[in-house]
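Here are my notes for you, point by point. Have the structure open while you read.

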Amino acid sequence: MYWVGVLFSYWGRIGRRTFWGASAGLFGFLLVYQYLTGGLILELMGWALWSYVQSALLVKRLHDVGWTGLWAVAPGGGLFA
C-alpha cells in the first residue's frame with residue numbers, strides 16, 4: 001500500500017532516496033513496457049501513465065524541500081510559450 005501512495009498520490013512528502021529509486025524503477029518499467037508492447041495506443045497509454053506518476057513523484061519531492069508543487073509545471077511551461 002505504501003508504494004501505491006508514493007506513486008499515485010500528489011499529497012505528502014518523499015525523501016531523496018525514495019524519489020530517485022522510484023524514478024529509476026519507473027524508467028526501467030517504461031523501457032521494458034516499450035520493448036514488449038506494439039502499437040501506438042499502448043505506447044501512448046504507457047507514456048501517459050509515466051507522466052502522471054513522475055509528476056506525482058516530483059510534486060511530493062518539491063513539498064519535501066519546502067517548495068510549492070506548482071514548480072513541477074515550470075519545465076513544461078516552456079514547451080507552450
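1. First, some vocabulary: a residue is buried under 20% relative accessible area, exposed over 50%, and partly exposed in between (1.4 Å probe, protein chains only). Helices are DSSP runs (H or I, at least four residues), numbered from the N terminus. This is a predicted model, where local features need pLDDT of at least 70, side-chain atom pairs count only at pLDDT 80 or more, and totals for chains, interfaces and linings use all residues. Residues are numbered from 1 along each chain as its sequence is written, and side-chain values use heavy atoms, with hydrogens and water left out.

2. Now look at helix 2. Its buried residues are Phe 19, Ala 22, Ser 23, Leu 26, Leu 30 and Tyr 33. Viewed down the helix axis, they fall within an arc of 100° (taken from the directions from the axis to the C-beta atoms), so they line one face of helix 2. They pack against helix 1 and helix 3 (contact means heavy atoms within 4.5 Å). On the other side of helix 2, Arg 17, Trp 20, Tyr 35 and Leu 36 are exposed.

3. How many salt bridges does a search of the whole structure find? Just one, counting a side-chain nitrogen of Lys or Arg within 4 Å of a carboxyl oxygen of Asp or Glu. Asp 64 pairs with Arg 61, and their closest N and O atoms are 2.5 Å apart. These two are three residues apart in helix 3 (residues 40-64), so about one helical turn separates them. Arg 61 is buried at 16% relative accessible area, while Asp 64 is partly exposed at 31%.
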